[in-house]
Amino acid sequence: MYAGQSVKRVDAFDKVTGRTRYTDDLCDRRAYIARVLHSTIANGKVISIDTSEAEKVPGVVKILTCFDLKEKHYYPTAGHPWSTDPSHQDVADRLMLTERVRFYGDDIAAVVAEDEVAAAQALRLIHVEYEEYPFVLDVQKAMEDGAPLLHEEFPNNILKHTQIRIGNYEEAIKEPGLIKVEGWYETPVVQHCHIENFICFAEAEGNRINITSSTQIPHIVRRVVGQALGRIVKPYIGGGFGNKQDILYEPLNAYLSVVCGGRCVCLETTREECISQTRVRHAVIGKTKALYTTDGRLLARTLDGYANKGAYASHGHAIAASVATVYKDLYNDAYGCRADMTTVFTNSASAGAMRAYGVPQAVFLADCQIDDICHREGFDPLKFRMDNCVPPGFVASNGITYYSYSLKECMKRGAEFIHWDEKRKEYANQSGPVRRGVGMSFFMYKVGVHPISLETSSARMILNQDGSIQVELSAT
């Protein structure tokens, strides 16, 4: 009955009027406040932590250090479905608190207090002694022999490498009128900066711990936090964009509640912590090569790219593999394409999921390459893309066939809307420090993180006695 009609969201009115209750609104005002002590070195080891002065602060309830965790239970943080196939399981490399520091800001201790003032004062009075190691922030230097090693099980700091190859791009060198262009391109670190900082609170309910969290992945948080934690409540979320598609501080928060006798403990990150201690978008650097003809026919392309993983695996190699997949699928190479991506650990903030999951990096690398070709040869960027975009019937890297494909129509309508041809002529010959121009790029988003991860989904529909239908699904 609603097909073809605009339907209001059921939560729309409450959200625009401010009546919606988010995680912080649901927390008991009497809850203890938890704050995390972060390392002040980028790579090394905690030798000792002196909490004696901090414990004297009025209102301090409990101080927990990395040395208080006698059993080292490592866990993964990525929001991926669980697989019984070890090759598809996420890397379990995180501890709630760690003495082995791998980036500036690693979590080494936590304070629980009656209020924020006491917690902040206690943090400032904790004295830490470190054994400091050399650090590395550049992905290419991190892969060199002798570079500081972050994880013993990953030689040369390489988490994983993927090569996606289609066709025989070497055959393109036999084409007459062949032109080759090479270039390096890079994308920076980006942070999500959602309005609501990460926040969660935990408290005991009988022999279970309830966690209420600002998360995008409630079911996966429940699995990762552990068997002893009974359930997780996911209220409305004030923005996530992928950052809350990771397990962040829920395990530590739950444990702090346990050591405080089951009392409600609230752990909220500051904006600074949210930027540096949660997740960022992968910075990617890549060398590209393209072979094309004088009449603007794209013959072959290659990519050798490196993704900055940061200190911990988080979503692992999935984003880098996505970059390789999208780079290959973005244009139709007459002979073929090779895309190599390597994920590399460095002593910097951990990179994880962010909107479009590797696609912006791939599009930037591919389309900068195309624009450089057009600029160098004087090709019209619109016509070059119209002539070289993938056609209907194209088979993508994940085996999906593009049976319907409206990209050319989209480009055509966009060009008409902004008066592409007229403005190209108008802006053709300009001088001076201020000039005008028109440009274009196109974007594609595929389904699935081939060939790294599994994608699963389920829903349940219940027919009620009054004839209505209740739909249950775990999508956030």
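**A tour of two groups of strands**

Begin by selecting strand S2, residues 44–50, together with strand S6, and you will find the two paired in the antiparallel sense over six bridges. Bear in mind throughout the tour that what you have open is a predicted model. To look at one place along this pairing, pick Gly44, which stands opposite Glu132 in S6.

Next, add strand S4 to the selection, so that the open sheet of three strands comes into view, with the order S4-S2-S6 and antiparallel pairing. Strand S4, residues 100–101, and strand S6, residues 127–132, are at the edges and have a single partner strand each, which means that one side of each is left without a neighbour in the sheet. As a general point, the strands of a sheet pair through backbone hydrogen bonds, and they do so in either a parallel or an antiparallel way.

Now move to strand S1, residues 32–38, which is mostly covered, since seven of its seven residues are buried. Show the side chains here: Tyr32, Ala34, Val36 and His38 point one way from S1, while Ile33, Arg35 and Leu37 point the other way, and all of them are buried. In a regular strand, side chains alternate between the two faces of the sheet.

Keep S1 selected and add strand S12, residues 265–268, which pairs with S1 in the parallel sense over three bridges; here Ile33 stands opposite Cys266 in S12. Finally, add strand S5, residues 107–113, whose pairing with S1 is antiparallel and runs over six bridges, and look for His38, which stands opposite Asp107 in S5.

Key:
Residues numbered from 1 in each chain as written. Predicted model: local features only at pLDDT ≥ 70, side-chain atom pairs only at ≥ 80, totals over all residues. Heavy atoms only, no water. Pairing = 2+ DSSP bridges. Helix = DSSP H or I, 4+ residues; strand = E, 2+ residues; numbered from the N terminus. Buried < 20%, exposed > 50% of the residue type's maximum accessible area, 1.4 Å probe, protein only.
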